[in-house]
Amino acid sequence: MEEAQVLAGLKRRKTILEYLTSYGFITPALIILGVFAIFPTIFVFYLSLFDWSMIGGKTFIGLQNYINLLIKPPYSADFWHAALVTLEYVALQVPITMALSLFLATLLMKPIRFRSFFRLGIFVAYVTPLVATSIVWEWIFHPDYGILNSLLKLLHLPTSPWLIGFPSALFAIVIYTTWHDLGYSTILFMAGLTAVSKELQEAAQIDGANSWGVFWHVTWPLLSPTTFYIFIISLIGAFRMFTPVLVLTQGGPYNSTTTIGYMLYREAFQYWKSGFASAIAVVLFGIIFTITLIQFRVTGRRVFYSEGSEGE
Amino acid sequence: MKINLKKSYFFTYLILITVTIIMVFPFYWMIVTSLSKPENLFRYPPKLWPDFQWKNYVDMWKSNPQGVPWTRYILNTIFVAVSTTLLSLFNSSLAGFAFARLKFPLKNQIFMLILGIMMIPGELMLIPNYLTLYRLGWLNSYQALIIPFGASVFGIFLTRQAFKQIPNELWEAAQIDGCSIGRFYFNIALPIIRPTLFAFALFVFLGSWNAFLWPLIVNTDPRFMPLEVALYSFIGAESTNWQLLAAAATMATAPVLILFLIFQTQFIEGISRGAIKG
């Protein structure tokens, strides 16, 4: 009887010790995530209700920032213009990147030699730093001496002012970001294609389907979860895009490359209108959250994308 | 069984070679520009091979952008990237271990809360985090670039998966031998999941090395700027000296390129794995 009590006591002590150790183990990570991820996510909603310029005093103005942003000119005009630019960018960049990367991934899945070499060449841009590679692209896009216009001239094609022209600047940004991120979606498509059953494809081929038929009737339907996943993360990435804008065009010319993300950065850290910028952040979050919800409804999988937000 | 083995892949090769050349060309062009004589840059048709004007690198190196030598920027970047990686590895794997192997109240609720963070875009946190750093007096410091990234949800998730793979027998045997939880984590579990830790470390290091927006906002004092931010101000200072800009860009890109070439398998596998498990 006594022995059992002692044993139970020992077990309880062990359990309590395990609880304490567990909390000790998760505390460092929880403090950092709490201070720099959970707290700001809540606090930004609070900040968006104030007229406030970072260091100065705060004045509570309720939803006025949102009214200014969405309804009342002149700011609402800026916002809707930025929203339109963002949509244009999304509508260009996402389909181009997806089509290209799917095409490249199917080519890379063929039994070819030097596959890893090609994959490496296509992927490498993704890991390189943004400002450094932007420098080269700015030089490639140079209206007078850039190699791109030289090439166009050589082929007797019309040249373009690229980054300093309207509407060419947005196209130039699309070219840059597509170049930088193409390898990422190609790798994801390759992972998806690997999972698609080889036997089914071969069976279809034996049944006399040509390669387009195999792709359209077998591969494409089986690949659709991957395609949808890549579509969603590309969509979210494109809606958030603005660091290339900051480096390559500063939103110009004539605000033709000012995306919502860039507007947020400008209002927050160049004009120091922190309350107003917080409202922009909340609206941008609303857009992305909606996309995530749709994705979640459709597939029940979470999309992880906050990793890498440090650099991009 | 392979079908169509004899089919020629001429067009496949043609397209892949063309695309690879286009994708890699900017790096080649970066190097060519960085080694060109300035007068050869403004030519038509352009000169496609370098002049091997190494002097450009010397000039770039001596330029001390914003009155700070490049050595300082490079050391800043290395110091921040290494510290962030070590800190994040430690904190994330500790938490990952607790979530994988230990029992404690509210475990699942806390884990779901942490996973929820992954769905929040960084832009949302930018302004409050700036304010936090301002209140802490951390603007223009190293900790501004290190501490906020000292734990990673992705890392917790990844290490948790890896720790779960460790057989239960090992854990029980260690307990019978009187091995404490801390010692089991450090001496047994961590070495077992080394490949996961290494892949995760690569991603953190790369993210820190390439970080731009956050350091641009929080460290306006050049003494605490990493390479990418220094490069950004260098564009403003040397706007038309493309050979110097390209030399600096090559210097900032080369370490990442080398690291990637050595560990490309880990990088690519890490991304594919994340996609499948995501």
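# Questions on chains A and B

Visitor: Into which domains is chain A divided?
Guide: The bounds come from an automatic or database domain assignment. That assignment gives chain A domain 1 (2-47) and domain 2 (66-299).

Visitor: What kind of model is this, and what pLDDT do local features need?
Guide: Residues are numbered from 1 along each chain as its sequence is written, while chains are lettered from A and ligands numbered from 1 in the order in which they are written. This is a predicted model: totals for chains, interfaces and linings use all residues, side-chain atom pairs count only at pLDDT 80 or more, and local features need pLDDT of at least 70.

Visitor: How far apart are the C-alpha centres of the two domains of chain A?
Guide: Domain 1 covers residues 2-47, the residues of helix α1 of chain A. From its C-alpha centre to that of domain 2 of chain A is 41 Å.

Visitor: What is the radius of gyration of chain A, and what does the globule rule give?
Guide: Chain A has 12 helices and 2 strands (DSSP runs numbered from the N terminus: H or I, at least four residues, for helices; E, at least two, for strands). The globule rule is 2.2 Å times the number of residues to the power 0.38, and the radius is taken over C-alpha atoms. Chain A is more spread out than a compact globule, because its radius for 312 residues is well over the rule: 26 Å against 20 Å.

Visitor: How many helices and strands does chain B have, and what is its radius of gyration?
Guide: The secondary structure of chain B comes to 15 helices and 0 strands. The globule rule gives 19 Å for its 278 residues, and chain B is well over that value, so it is more spread out than a compact globule, at 24 Å.

Visitor: How many residues of each chain are in contact, and which element of chain A gives the largest share?
Guide: Contact here means C-beta atoms, placed from the backbone, within 7 Å. By that test 82 residues of chain A meet 88 residues of chain B. The largest share of the chain A side, 21 residues, comes from helix α1 (residues 2-47).

Visitor: How does the side of chain A that touches chain B divide by class?
Guide: Ala, Val, Leu, Ile, Met, Phe, Trp, Tyr, Cys and Pro count as nonpolar, Asp, Glu, Lys and Arg as charged, and the others, Gly among them, as polar. On that scheme the side has 57 nonpolar, 17 polar and 8 charged residues.

Visitor: How are α3 and α14 of chain B placed relative to each other?
Guide: B:Asn56, B:Tyr57, B:Asp59 and B:Met60 in α3(B) meet B:Gln243, B:Leu244, B:Ala247 and B:Ala248 in α14(B). Their axes, lines fitted to C-alpha atoms over the stretch in contact, come within 9 Å and cross at roughly 80°, on a scale from 0 to 180 degrees between N-to-C directions. Angles of 65 to 115 degrees count as roughly perpendicular, under 35 as roughly parallel, over 145 as roughly antiparallel and the rest as oblique. The two helices are therefore roughly perpendicular.

Visitor: Which residues follow the cis peptide bonds at A:Pro73 and A:Phe166?
Guide: Most residues other than glycine have a negative phi, and most peptide bonds are trans. The bond from A:Pro73, with omega near 5°, leads to a residue in the loop between α2 (64-70) and α3 (75-108) of chain A. The bond from A:Phe166, with omega about 5°, leads into the loop between α6 (147-154) and α7 (168-195). The residues are A:Pro74 and A:Pro167.

Definitions and conventions
Two residues are in contact if their C-beta atoms, placed from the backbone, lie within 7 Å.
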